[in-house]
Amino acid sequence: MSSGSSASHHDDPRHQHTLTGDIRLHRHFHSRFLKARDVIVYLPPQYEEEQQRRFPVLYLQDGQNLFDGATSFIPGREWQCDETAQRLITANKIEPLIIVGIYNTGESRADEYTPTRVAKLKAGGKADQYGRLIVEELKPFIDEQYRTLNEAENTGLGGASLGGLVSLHLGLSYPQVFGKLAIMSPSVWWDNGVILREVEQLSHKTAQRIWLDAGTKEGGMMVHNARLLCEALTVKGWQRGVDLHYHEARGAGHDETSWGRRFDRVLKFLFPRRRRS
């Protein structure tokens with residue numbers, strides 16, 4: 001993918017492309033379930049070098065905010081997932097992985113990222129269709145196009161805010177597909193804590209490894225709700241420090257920069273460096 005910039009925005013550094021490493025863009029990925037959207041893929045440095053090797057995959061919501069300041073919701077503010085992954089992989093701190101960013105569709109984001117319809121908000125309830133897009137359409141496409149390790153223990157799903165909410169909802173719906181979950185600043189408040197009820201209704205604990213966090217400067221009930229969610233997961237059998245990592249980021253707000261700053265910790269917990277035989 002070229003890093004050229006449109007002439008109209010050329011002089012504004014916030015609109016410059018900031019891509020690092022081997023990035024592939026799949027435009028207008030078609031779905032039977034929801035409208036088409038772009039999908040952006042980061043490949044680790046080893047991808048071209050080691051042609052026989054397969055790699056774990058992390059699927060992330062809000063794809064336009066992850067790698068490129070020119071496409072992010074607030075121009076110039078992005079997670080820097082590509083720079084962080086590149087740095088950690090090169091330093092042998094994490095397992096080399098593929099990161100797939102799924103663009104949101106703007107006006108449909110709240111509908112697609114929530115499991116239930118909330119009448120007074122006139123929004124929500126399309127998370128299960130969105131899940132089918134990922135599981136039945138996008139993942140098979142990625143597994144066909146790229147050299148992936150496609151089983152659950154090598155497949156992660158994550159996001160922040162409503163993206164964190166939908167990632168936990170879909171993770172719990174598809175434990176046989178997603179073995180690792182990155183739940184950042186999740187919107188636990190949605191529909192009076194529907195996600196807490198989902199966790200409470202689990203018949204048994206899954207084999208998933210879960211990162212859960214919140215920033216102390218996010219306002220509202222964010223930290224309180226994240227603690228409730230952490231408690232609900234531990235009641236079901238997840239163990240902090242083993243397969244559940246709960247983190248409160250001191251001074252962190254509800255924004256791309258804050259999520260990006262702790263993304264390195266997320267990767268280290270979910271994709272730790274493996275000893276290769």
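A polar contact is a pair of N or O atoms within 3.5 Å, where within protein one atom must be able to donate a hydrogen and the other to accept it, and where residues adjacent in sequence count only if both atoms are side-chain atoms. The model is predicted, so local features need pLDDT of at least 70 and side-chain atom pairs count only at pLDDT 80 or more, while totals for chains, interfaces and linings use all residues. Residues are numbered from 1 along each chain as its sequence is written, and side-chain values use heavy atoms, with hydrogens and water left out.

**Exercise 1. Locate Ser72 and Asn65, and find the polar contacts of their side chains.**

Step one is the location: Ser72 lies in the loop between β3 (57-60) and α2 (81-90), and Asn65 lies in the loop between β3 and α2. Helices (H or I, at least four residues) and strands (E, at least two) are DSSP runs, numbered from the N terminus.

Step two is burial, where buried means under 20% relative accessible area, exposed over 50%, and partly exposed in between, with a 1.4 Å probe and protein chains only. Ser72 counts as buried because its relative accessibility is 6%, and Asn65 is buried with a relative accessible area of 4%.

Step three is the polar contacts: a polar atom of the Ser72 side chain lies 2.8 Å from the backbone oxygen of Arg77, and the side chains of Asn65 and Glu256 are joined by a polar contact of 3.3 Å.

Step four widens the view to contact in general, meaning heavy atoms within 4.5 Å. Not counting residues up to four places away in sequence, Ser72 touches Gln64, Asn65, Arg77 and Glu78, and with that exclusion Asn65 touches Ser72, Phe73, Glu78, Trp79 and Glu256.

**Exercise 2. Describe helix α7 and its packing against α6.**

Begin with the length: α7 (residues 222-236) has 15 residues and reaches 21 Å from its first C-alpha to its last, close to the 21 Å expected at 1.5 Å a residue, the expected span being 1.5 Å times one less than the number of residues. Just after α7, Gly237 takes a positive phi of about 120°.

Next, consider the buried residues of α7, which include Met222, Val223, Leu229 and Leu233. The buried residues of this helix pack against α5 (162-173), α6 (190-200), β9 (209-215) and β10 (244-249).

Then take the helix pair: α6 and α7 pack at an angle of about 10°, with their axes 9 Å apart. Axes are lines fitted to C-alpha atoms, for helices over the stretch in contact, and angles run from 0 to 180 degrees between N-to-C directions. Angles under 35 degrees count as roughly parallel, over 145 as roughly antiparallel, 65 to 115 as roughly perpendicular and the rest as oblique, and α6 and α7 are therefore roughly parallel to each other.

Finally, name the partners: Leu196, Val199 and Glu200 in α6 meet Leu228, Leu229, Ala232, Leu233 and Lys236 in α7.

**Exercise 3. Work out how Thr216 is placed.**

Thr216 sits in the loop between β9 and α7, and it counts as partly exposed because its relative accessibility is 32%. Although Thr216 and Gly251 are 35 residues apart in sequence, their C-alpha atoms are 5.4 Å apart in space. The side chain of Thr216 also reaches the backbone nitrogen of Gly251 at 2.6 Å. Leaving aside neighbours within four places in sequence, the contacts of Thr216 include Val223, Glu248 and Gly251.
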